[in-house]
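User: Could you take a close look at one helix for me and walk me through how it sits in the fold? I'm new to this, so keep it friendly.

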Amino acid sequence: MNNWNDGYVFDIAYTYGYYPGMNPARLPLAFAFHGLQAPAVQTACELGFGQGVSTNFHAAASGTRWWGNDFNPLQAAFARELADASGSGAQMEDSTFSRFCRRDDLPDFDFIALHGVWSWVSQENRDIIFDFIDRKLKPGGVLYISYNTQPGWSAFMPLRDLMVQHTQQAGNEEQGMPTEARIDAALEFAARMFEADPVYAQANPFMRDRLKILQQQGRSYLAHEYFNRDWHAESFADMHRRLSRAGLQFACPANYADHLDMANLTPAQRQLMQGVSDPVMQQSVRDFMVNQQFRRDYWVRGGQPLDDRQRVQSLALQSIVLLAEPDKVPLTIQNVASEITLNRLIYEPILQALSDYQPHTLVDLAASLAHRNLNLSQVLDSAVMLIGTGHAAPLPPETDAAAREQAARRSEALNLHLLRKAAAAAPAEADGGVDHLCSPVTGGGVRVDRIEQLFLLARRECGDDVEAWPAHAWRHIAAQGKKLVRDGVRLEGEQENLAELATQARLFERTRLPLLRALRVA
């Protein structure tokens with residue numbers, strides 16, 4: 001290693017994202033859908049946890065004991081702050097992969113997770129991570145790994161390398177130019193290059209649109225996603241060759257939207273895929289079909305197959321819950337190649353049945369909708385689609401009442417801490433803070449934007465008097481030098497902002513609050 005950060009961006013904090021694929025509560029439905037038995041997850045680990053939001057949510061909202069590391073001390077300190085607030089006991093360590101993965105006091109794990117990290121670290125660190133997985137993942141244990149994938153990145157890789165080269169050219173690093181300024185300069189240079197109409201752009205015309213998208217994205221995201229020294233895209237076949245040496249087999253996608261070929265592949269593509277019998281080749285071909293850029297996968301060490309009866313029973317007894325108001329669930333969805341329209345005769349009755357925001361098993365849903373000529377298979381596919389689009393969530397396996405109440409108390413403590421941070425955020429933090437809260441019902445995160453968080457804090461401090469919420473929220477917004485935007489126009493006056501907050505508060509109280517209460521977020 002040449003320096004302490006080993007080529008990884010460290011002077012811009014990583015985003016505060018929440019990643020549901022790392023929630024072990026999602027394993028049973030995903031595994032059963034593909035004919036596998038999911039393990040019970042009692043111990044789990046995230047390698048390279050960033051700000052630690054996902055790990056802390058999953059530790060607070062369940063009985064699973066979590067460990068994890070991140071090399072950035074500021075990020076690790078934030079993660080420990082969240083762990084202390086919830087009282088989950090999650091062990092969030094400021095440590096390199098080399099030091100953490102070679103600890104001799106760690107337990108063996110039922111679940112190990114890496115989100116994106118594999119694509120952003122050196123070969124040395126990938127070897128350390130692989131050795132850790134090989135030694136520490138239990139028989140029957142699950143690996144969640146997400147990574148940049150060929151062929152979706154193949155055309156972009158030369159442009160990415162050129163922009164990184166620009167950030168590293170003589171004078172930038174030596175003169176102490178901040179990473180954000182170097183990224184801006186690299187993007188500007190790439191735009192000028194495209195104006196000169198290089199043959200590369202003629203051969204890859206969609207790269208112009210890709211560059212425009214990059215220019216619009218937050219610099220903290222770009223810094224970690226594209227501008228680390230080490231960056232690579234890997235084929236599924238290469239990942240299989242590596243992980244199979246540790247006795248792991250591909251279980252299924254962690255992204256639920258990828259379970260349904262009917263929604264992602266054309267009839268001709270599905271027909272071709274049916275003629276590919278080798279499972280590794282099948283996944284490789286599918287990546288070409290959808291021009292896959294980023295895979296999110298579950299791998300299992302010694303997966304236990306379910307027979308047909310066990311599979312149907314496991315699926316039938318799985319519960320799901322809505323994460324959005326039914327009228328906010330779009331029935332037109334953009335996939336990688338086109339728009340698809342969901343069948344209203346199927347989805348509208350299902351959404352109506354779920355509109356009480358209570359958990360429903362798939363078999364009960366099917367039974368209640370039998371008069372609408374819906375069967376269990378249709379309900380299952382619809383549930384998977386709703387989960388894949390982020391509008392529903394599977395519930396974790398049942399636990400005893402005491403464990404559920406412990407998870408509820410930890411989640412409430414963590415949420416209160418996050419609400420207070422939203423109120424006290426500095427101006428720069430207010431736009432990039434945690435936009436999720438923790439639900440003990442789903443065992444994971446639920447999207448709650450900052451204004452909604454301020455309304456929840458006002459409700460805790462002012463009670464159910466919705467007319468008092470706008471002034472309470474405005475004090476925090478104004479103190480941070482912020483103002484609201486309506487229809488793309490910034491509201492300048494205090495009364496305008498209060499009037500807009502009053503409108504939003506009444507809408508929130510009528511629509512979002514019942515959902516958040518049912519999920520035990522509010």
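Analyst: The buried residues of α7 pack against four other helices: α6 (157-167), α8 (199-203), α9 (206-216) and α10 (219-226). Keep in mind that this is a predicted model. Which residues of α7 are the buried ones? They are Thr179, Arg182, Ile183, Ala186, Leu187, Ala190 and Phe194. "Buried" here means under 20% relative accessible area, and Arg182 makes that list along with residues such as Ile183 and Leu187.

Now try looking straight down the axis of α7: the buried residues fall within an arc of 135°, so they line one face of the helix. Here's a handy bit of background for that picture. An α-helix has 3.6 residues a turn, so residues three or four places apart point the same way. With that in mind, run your eye along the buried set again, from Thr179 through Ala186 and Ala190 to Phe194.

What about the overall build of α7? The helix covers residues 179-195, which is 17 residues. From its first C-alpha to its last, α7 reaches 24 Å, close to the 24 Å expected at 1.5 Å a residue. Once you've followed α7 to its end, look for Asp197, which comes after the helix and has a positive phi, near 55°.

So, to put the picture together: α7 has its buried residues along one face, and those residues pack against α6, α8, α9 and α10.

Notes
Residues are numbered from 1 along each chain as its sequence is written. This is a predicted model: local features need pLDDT of at least 70, side-chain atom pairs count only at pLDDT 80 or more; totals for chains, interfaces and linings use all residues. Side-chain values use heavy atoms; hydrogens and water are left out. Helices (H or I, at least four residues) and strands (E, at least two) are DSSP runs, numbered from the N terminus. The expected span of a helix is 1.5 Å times one less than its number of residues. Buried means under 20% relative accessible area, exposed over 50%, partly exposed in between (1.4 Å probe, protein chains only). The arc is that of the directions from the helix axis to the C-beta atoms. Contact means heavy atoms within 4.5 Å.
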